[in-house]
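Colleague: Mind if I quiz you on the wording you use for this one? I'd like to hear what sits behind each term.

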Amino acid sequence: MRKYVCVCVALALAVLIAGCGGSKGQSNETASKGGTGSSKSYPELRWGVLSFAGPVDWTKNVNSNSIAVVESLAVNNLMEFESDGKVKPGLASSVEQPDSTTYIYHLKPLKFSDGKPLTAADVVFSLNRDVHSPEAWTKTYWEDVSSITAQNSSTVVMKLKHPSAVIQDVIAFSGEVSEKAQVEKIGEKELGTPANLPIGTGPWKFDSYQPESSITLSRNPYWKGALQPAEKITIGFFKSEASLALALRSGAIDGTFDYLAPKTFANIPGTKQLVAAGTSADFICANTDRPPFNNVHVRRALAYATDAKGMLGALYPAGTAFEDPTVMPASLFTNLGSKSEVEKVLNALPKYEFSLVKARQELAKSPYPHGFSTTLLTEQVAAGQVSSAEIYAADLAKIGINAKVVELTPSEAPEGLSGKTTITFSETYSVYADPEGLMSTILPPSQINPPGSGLNIANYRNAEVDKLEPESVETLNPPKRLQMIGKLLTIMANEAPYWPLYTHATLGTLSEKYVLPTFSAWTMSWTPWALEAKLAS
């Protein structure tokens, strides 16, 4: 059983959402739909993302949503996400599953942006880059795959080592297909450089790339799908959110998504806020390997002393964030059962309602009844998270725990958030709409500080959890999976290596000249989202 390494994780990044919508009468409004828009085309869409560098190649560049936003416009996936996180065929016209470990993909009759036809050989070559390429950070997601072969020029067969309930999700976020002939001609190392931008089948094609400056795209003349509203797309790279917001305010760009401090983007004249379900989990964890945190009563005391509701009241306006019963946001469970079925499982989990009385009682059961001194690790750029840590430190002091807030620089964070004898504030988001997207990153022992990742920062180990997590993936029956995951989360909640804070909304800002009706955490990253960026009617 493979263990995913969710590298595109906003580790230790929290959101300070204050004043997100404008007041009545102002031009800045909160909107998740905004109408279907006009069918008219327009000359240019100008977008902005935070700093972008390195190759324009998703298998090599772990640049979180920035590269996904860029590359999804020109290079499409074999499977594709819908706005609710469900998976549908992308480059495939249909999918057959003759048995639990075999998938047969029939391809649409499409062409690359240079006019060459898409073939099964291109798909096999591209997906095998994920499976076998030494440089592919995505390869750990593909360890369930036994083989990918071409049955004929328009049919691809994938065989798995064992059943997987999430393999189609993996393909939807990382199964991008580039032209085989191009890559073989230029070589793997050159793909994505300014002189050798990927050739894909998407609605737009790459024209130019100026590292740390911008990328431009124009319409793919061989595209057969929905009308490409914009003739040209320019994506500018910004070094700070302040400069990104200033560009929106001046009208230099038309929109952006996935920023960290929405307060900066509030009340910009001529814009509206885009709001969708959140897919990230903000939580606190402690290093279970070392004292005093290797004692379960200490961890439970820390959990009871966490005033998540107070943090929300201080940092977030109503409707933009909410408490979670677990570190897996409810939005990741939608494919496992009805809303009532999911709520029944999540509401039954052990909870640590804020209570300093119960916190003291738990601490009294530990070898540290009078408390101890420690540090709370967070990251300097995460203003909301730093504020949460300061609130938490004040409450811990009331039960005898002297906690110093330590703000790590971005370069210090990866090492600083792994293996330390301390308490850590963290945020992790899932790359697909299933609890496994997070479970596989923060639970397996294989994720305890391996080189380059190490997202099990609690150093958590539990034999039953280690058995249940892979079994839940190999179980293809959603109701049964839901019950197995509920059992796993119950064990985890009782042992309290991680305890939840809140989930915040997925946000974007868009000029009032446009609408983006299918905006979601899934479509903004892994699908050609600009097809929906239409002129407002």
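**Strand 14 and helix 14**

Modeller: Sure, starting with the pairing: Asp282 of strand 14 has Glu427 of strand 18 as its bridge partner. This is a predicted model, where local features need pLDDT of at least 70, side-chain atom pairs count only at pLDDT 80 or more, and totals for chains, interfaces and linings use all residues. Residues are numbered from 1 along each chain as its sequence is written, and side-chain values use heavy atoms, with hydrogens and water left out.

Colleague: What makes strand 14 and strand 18 a pair?

Modeller: Strands pair if DSSP finds at least two bridges between them. Seven bridges join strand 14 to strand 18 (residues 423–429), running antiparallel, so the pair qualifies. Strand 19 (residues 498–504) is also antiparallel to strand 14, over four bridges, with Tyr498 as the partner of Cys285.

Colleague: Why is strand 14 called largely enclosed?

Modeller: Because seven of the seven residues in 280–286 are buried, that is, under 20% relative accessible area (1.4 Å probe, protein chains only). Ser280, Asp282, Ile284 and Ala286 point one way, Ala281, Phe283 and Cys285 the other.

Colleague: What span does helix 14 reach, and what is expected?

Modeller: Helix 14 (a DSSP run of H or I, at least four residues) has 18 residues, 478–495, and reaches 26 Å between its first and last C-alpha, close to the 26 Å expected at 1.5 Å a residue. The expected span is 1.5 Å times one less than the number of residues.

Colleague: Which elements do the buried residues of helix 14 pack against?

Modeller: Helix 8, helix 12, helix 13 and strand 19, with contact meaning heavy atoms within 4.5 Å.

Notes:
Buried < 20%, exposed > 50% of the residue type's maximum accessible area, 1.4 Å probe, protein only. Helix = DSSP H or I, 4+ residues; strand = E, 2+ residues; numbered from the N terminus.
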